[in-house]
Structure formats: structure tokens, C-alpha cells
Amino acid sequence: MKITVIGSGYVGLVTGTCLAEVGNHVCCLDVDPAKIATLQAGGIPIYEPGLDDMVRRNVAAGRLSFTTDVEASVAFGEIQFIAVGTPPDEDGSADLSYVLAAARGIARHMDGYKVVVDKSTVPVGTGDKVRAAIAETLAERGADLPFAVVSNPEFLKEGAAIEDFMKPDRIVVGADDERAIELMRRLYAPFQRNHERILCMDVRSAELTKYAANAMLATRISFMNELANLAETLGADIELVRQGIGSDPRIGYHFLYPGVGYGGSCFPKDVKALVASGQEHGHDLKVLSAVEAANDAQKLRLVEKVVREFGDDLAGRRFALWGLAFKPNTDDMREAPSRVIVEELTRRGAEVVAYDPVATHEAQRVMGDNPKLQFADDMMGPLNDADALLIVTEWKAFRSPDFDAVRAALKQPLIFDGRNMYAPAWLRGQGFTYHAIGR
């Protein structure tokens with residue numbers, strides 16, 4: 001099949017590449033000439049494990065191409081995926097300007113039946129707005145051409161996006177056009193040879209499914225963070241509590257790990273957008289408002305522990321920080337807890353030396369103007385003469401460090417662990433003072 005993907009960012013590039021991997025011919029469009037030039041030169045503008053090899057393989061095979069030419073991209077594919085950004089407005093609602101611009105671009109150049117697929121995470125009712133934008137643009141042209149609008153939300157975890165796409169738990173297709181549904185079934189047939197994974201529903205239900213999924217996961221994280229904070233006060237161990245409730249099959253173990261809060265491009269934005277959507281229609285989503293507030297507070301939890309140890313004024317203190325990305329296996333710094341932690345520590349006068357296996361370059365771009373923040377090239381470098389080590393991202397490289405070397409490098413053997421990576425009793429037995437979350 002011939003597919004066009006509009007937007008060559010995280011979702012668009014993964015989607016287009018994985019569709020090409022199973023034999024389709026895919027044209028990826030982006031209005032950013034620099035991004036397309038990078039892709040055409042064999043570079044990858046994002047970090048996702050395995051994606052660079054897959055892109056190069058499919059480009060070499062002639063199944064994957066990149067362009068800034070809107071007219072050519074519209075002519076290319078019968079199915080047109082819209083995978084552009086939907087950044088939050090000031091009120092938290094999703095900005096649909098890029099989605100609607102993409103829809104109008106399709107309508108300006110289409111000359112036959114097109115299936116327009118909303119892959120971007122969009123509020124309920126966006127499908128209607130896309131349909132109206134296409135119809136209006138066609139009317140301006142005096143063209144009477146058939147088209148269908150489909151909602152096909154993505155459920156990709158950064159750091160595991162290729163596996164999520166190639167081996168999906170479910171494929172949600174929101175549509176009311178039988179021809180479009182049949183094309184989507186053909187498109188996704190290679191991804192469900194083992195058993196049926198497509199869930200067909202109306203467009204609005206599909207749109208809400210995406211927001212509901214992310215909001216539920218964010219709720220589990222904030223719930224566990226609240227319990228972890230209570231566990232500390234009560235003298236309980238949140239890790240044992242996690243095992244106790246996770247063993248209940250009605251609850252399960254996923255997303256029950258306490259820490260310093262969630263970040264990234266999805267959960268913060270989608271929770272805000274769902275709350276804003278509720279307000280727009282007269283519904284106050286109290287639980288999700290609490291989820292957001294709890295997460296904002298949790299990002300400062302590690303700093304609160306540091307302040308209890310060293311006092312409010314951190315001038316003259318130097319802290320090593322492991323992990324900058326919002327989660328491992330990505331360089332994504334959007335809404336990363338590290339940003340809040342570094343800002344608050346340096347505001348109080350401290351110096352921070354940070355290391356991340358992948359995200360340093362991106363962190364320098366978004367945080368590099370902070371004169372009290374330095375970046376290290378290896379994980380042991382920041383420890384020299386540091387007052388303490390703070391762990392913010394649970395990279396595998398941090399799981400089993402040389403603790404003798406860590407203890408020798410630090411001014412004092414003090415660790416603030418925002419991801420509960422180590423066994424408290426064992427680490428204290430090695431002479432460390434260890435502050436974790438809820439333990």
C-alpha cells in the first residue's frame with residue numbers, strides 16, 4: 001500500500017518507518033526543511049532504540065522517503081496519516097492548528113478518494129473539525145471529492161516504540177466509512193497475524209480512548225507517589241506495598257512504581273487537555289486535577305529531602321545528578337522532573353553536575369543557560385567532591401554501579417534516589433546514607 005505520513009516527529013517517523021518495514025511504500029512529509037534534510041542524509045532527529053537502523057534499511061529498499069512537497073505527498077498515498085504536534089495552549093487545551101493545517105493541505109491537492117487518519121493525540125470532536133476543514137477547502141476549490149476521516153490513536157511508549165507498533169496490544173480504529181475501515185484492516189493485517197487486535201468504534205470514542213488510557217496511567221503513578229509519601233510518614237515500605245497490591249490481578253504491577261513524578265510529551269499534556277475538555281463541556285474532572293497537582297508536587301520531593309539534610313540555603317553545595325531524560329531509553333526532556341529539580345536546587349544556591357547516557361545534548365539545549373549547571377561525559381565524573389548523589393532517571397547503567405568508587409568520590413556517602421533503584425538495607429550496610437521514595 002502507498003501511505004503518506006504528515007509530520008516526521010516522534011509519532012510520524014516511528015509510524016511511517018514501521019509501516020514501511022512490513023512492505024508498504026511510505027512518504028513522510030514535514031514542513032521543517034532542516035528535519036527533512038537530516039532524514040534524507042541518513043540522520044535521525046530523535047532518539048529511539050533501533051529506529052535509525054530501520055529507517056536506513058527501508059530508505060535503501062526504496063520503501064521510505066522524505067519530502068517537504070505537500071502536493072507530492074498528497075498525491076502519493078491513498079491513506080494520509082496526520083501525525084503533527086498538538087502542543088498545549090495557555091489554558092491546557094490542545095492546539096489543533098497544525099492538525100487542521102495538515103487537513104487543509106490534503107484538501108487543497110487531493111484529486112480522488114483519501115482516507116485522512118488522525119494519528120496525533122487530539123481532543124474528542126477533532127475528527128468533526130478535520131472533516132469540516134477538508135469539506136470547506138474542497139468547496140473553495142469547487143471540487144466534489146470523496147474522503148473519510150478516521151481516528152487511529154497511537155499507543156507508543158518512548159524507548160519501546162518499535163516493539164509497541166510491531167506487536168500492538170490493540171489497534172483502535174474510529175470510523176464510520178466501510179471503505180475506510182476495510183483499508184485500515186488491510187493496512188494493519190501484518191501486525192495481527194496471531195489474533196485480531198483491531199477495535200472498531202466511532203470516531204469520538206476512539207479519540208477519548210487515547211486520552212482515557214494516558215490519564216489512567218498518569219493516575220496510577222500519582223496514586224503511588226501519594227502512597228509513597230504517606231508510607232514514609234507511617235514507617236511503611238512502599239515497595240512491599242506495591243508487591244502486595246500488584247499481586248491482585250484486578251490491579252496488576254504496571255505503572256505502580258513511585259518516584260519523582262511523570263514527564264514527557266504525553267501524560268502531562270494529555271491530562272491537561274482532558275481536564276480542559278471537561279471544563280469546556282461543563283465537567284470538572286476532580287480526580288485528574290488532583291493527579292496533575294500531585295505530580296507537580298512530587299517533582300520537588302527529592303529537593304525536599306535534600307533541604308531536610310542540608311537546610312534551605314544550599315549555597316556552596318555541589319550535587320551530582322544521574323539522569324536527565326524524563327525516562328530511560330529516550331532523550332526527551334519535555335516536562336522532565338530533572339528540569340524542576342535542577343532549577344530548584346540552583347535557585348537555592350547549589351551547583352549541579354549532571355550526567356545522562358543519551359539526553360545531555362537535548363538537556364544542554366533546554367537548560368544550558370543555567371550558570372550553576374554543568375554536564376559530565378561519564379557517570380562517575382559528577383561524583384568528585386559532590387555533597388551527595390541524586391538519581392532522577394532509572395537508566396540501566398545506574399542499576400549496579402561500583403559503590404566503592406561512588407563512596408570514595410563523594411564528600412560523604414549520601415544518595416537521594418528518586419527511582420528506588422537500590423535495596424535500602426544492603427546500601428546502608430555498605431556505609432551509605434540512603435534516602436529513597438516511600439522506603
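**View 1. Tyr188 and the residues it touches.** In this predicted model, Tyr188 is in contact with Phe81, Lys119, Asn152, Phe165, Ile171 and Ile198, not counting its neighbours within four places in sequence. So much for one residue; the next view takes in the core around Tyr188.

**View 2. The largest nonpolar core.** Here we pull back to a set of 41 residues, the largest nonpolar core. Which of its residues touch the most other members? They are Ile79, Phe81 and Tyr188. Helix α1, spanning residues 10–21, gives this core its largest share, with seven residues. Another core, of 35 residues, lies apart from this one, and Ala231, Val307, Ile341 and Met367 are among its residues.

**View 3. The span 320–424.** UniProt, in an unreviewed entry, lists residues 320–424 as "domain: UDP-glucose/GDP-mannose dehydrogenase C-terminal". Look at the two ends of residues 320–424: their C-alpha atoms lie 20 Å apart. Helix makes up 26% of the span and strand 18%.

**View 4. Asp387 in its loop.** Now for a close look at Asp387, which sits in the loop between β11 (373–375) and β12 (388–391). Is Asp387 buried or exposed? Its relative accessible area is 3%, so Asp387 counts as buried, the cut-off being under 20%.

**View 5. The partners of Asp387.** The side chain of Asp387 reaches the side chain of Arg317 in a polar contact of 3.2 Å. Setting aside neighbours within four places in sequence, Asp387 is in contact with Phe310, Gly316, Arg317, Arg318 and Phe319, and also with Lys411, Gln412 and Leu414.

Note on methods. Residues are numbered from 1 along each chain as its sequence is written. This is a predicted model: local features need pLDDT of at least 70, side-chain atom pairs count only at pLDDT 80 or more; totals for chains, interfaces and linings use all residues. Side-chain values use heavy atoms; hydrogens and water are left out. UniProt positions are given in the numbering used here, feature names are shortened, and annotations may be inferred rather than shown by experiment. Helices (H or I, at least four residues) and strands (E, at least two) are DSSP runs, numbered from the N terminus. Buried means under 20% relative accessible area, exposed over 50%, partly exposed in between (1.4 Å probe, protein chains only). A polar contact is a pair of N or O atoms within 3.5 Å; within protein, one must be able to donate a hydrogen and the other to accept it, and residues adjacent in sequence count only if both atoms are side-chain atoms. Contact means heavy atoms within 4.5 Å. A nonpolar core is a set of buried Ala, Val, Leu, Ile, Met, Phe, Trp, Tyr and Cys residues joined through side-chain atoms within 4.5 Å.
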